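Colleague: Got a minute to walk me through this one? I'd like to start with the pockets.
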Amino acid sequence: MTTYSLPELSYGFNALEPVIDQKTMEIHYGKHHQTYVNNLNAALEGQKELQEKTLSELLVNLEAVPESIRTAIRNNGGGHLNHTLFWEVIAPSSGESHAPSGKLLEAINQAFGSFNQWKQEFSAAAAKRFGSGWAWLAVDANGQLKVTSTPNQDNPIMDGDRGILGLDVWEHAYYLNYQNRRPEYITNFFTIINWAVVAEKYEEALK
């Protein structure tokens, strides 16, 4: 039986300032993400068969989830999966070059022409996502990199892709500090990406 819980952060709530302020981190992690976890566990209560599946398995095959809890699993399961990745792929800025290297950089250059071109495409996906949602760097079924975006708490896995970097563009992720200036939040996000972790996610997605 699986009971979900918040993942431990590898940094303090104030460690991502000034890109993400402490208050936003406290609310985003301790309130919003915690609510997704609580609601996910509540939806799965008494569902022994579903509790034996991984979260990814549930989201890939939502049609197999009883209709009465399908929306709850989609929204809250997706919310938990998305945020767990989000906390992993960001880290305090080290002041070093904010760019990937090695195989991941080669793959980005091949797929998008250059790292800067990728940044433009990713920024556009994040800025143009209407309402609430996410922008993603994902690996498709053929092992190719792509930029995509999803509404609400949907995850690329629902479309057969594997998200290796996600940017939360729900207002709760940035509004205290940026208000309506989503593009500024997107630009600053590039300085706190943990490319070492993203590279690990890329390698895992290719297996």
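Colleague: Which elements each supply at least two residues of the lining of the largest pocket?
Modeller: Keep in mind that this is a predicted model. Helix 4 (67-88), strand 3 (162-168) and helix 9 (195-206) each give at least two. Helix 4 has the largest share, with four residues.
Colleague: How many residues line the largest pocket, and which lie nearest its centre?
Modeller: The lining has 13 residues, and those nearest the centre are Leu-81, Leu-85, Arg-162, Gly-163 and Lys-201. The volume of this pocket comes to about 260 Å³.
Colleague: What's the lining like by class?
Modeller: Five charged residues, four polar and four nonpolar.
Colleague: OK, on to the sheet. What's the strand order?
Modeller: The order is 2-1-3, in an open sheet of three strands with antiparallel pairing. Strand 2 (145-151) and strand 3 are at the edges, each pairing on one side only. On average, neighbouring strands are turned by 25° against each other, ignoring direction.
Colleague: How many bridges join strand 1 to strand 2?
Modeller: Seven, with strand 1 covering residues 133-139. One of the bridge pairs is Val-139 with Leu-145 in strand 2.
Colleague: Different topic: Leu-6. Is that buried or exposed?
Modeller: Leu-6 counts as buried because its relative accessibility is 18%, and the cut-off for buried is under 20%. Leu-6 sits in the segment before helix 1 (22-44).
Colleague: And what is Leu-6 in contact with, leaving aside neighbours within four places in sequence?
Modeller: Tyr-29, His-33, Gln-34 and Val-37.

How values were computed. Residues are numbered from 1 along each chain as its sequence is written. This is a predicted model: local features need pLDDT of at least 70, side-chain atom pairs count only at pLDDT 80 or more; totals for chains, interfaces and linings use all residues. Side-chain values use heavy atoms; hydrogens and water are left out. On a 1 Å grid over the protein atoms alone, a cavity is a set of points where a 1.4 Å probe fits but cannot get out, and a pocket is an open set with protein on both sides within 12 Å along at least five of seven lines; lining residues have an atom within 4 Å of a point. Grid points are joined across faces, edges and corners, and a volume is the space filled by probe spheres set on the points. Ala, Val, Leu, Ile, Met, Phe, Trp, Tyr, Cys and Pro count as nonpolar, Asp, Glu, Lys and Arg as charged, and the others, Gly among them, as polar. Buried means under 20% relative accessible area, exposed over 50%, partly exposed in between (1.4 Å probe, protein chains only). Contact means heavy atoms within 4.5 Å. Two strands pair if DSSP finds at least two bridges between them. Axes are lines fitted to C-alpha atoms, for helices over the stretch in contact, and angles run from 0 to 180 degrees between N-to-C directions.
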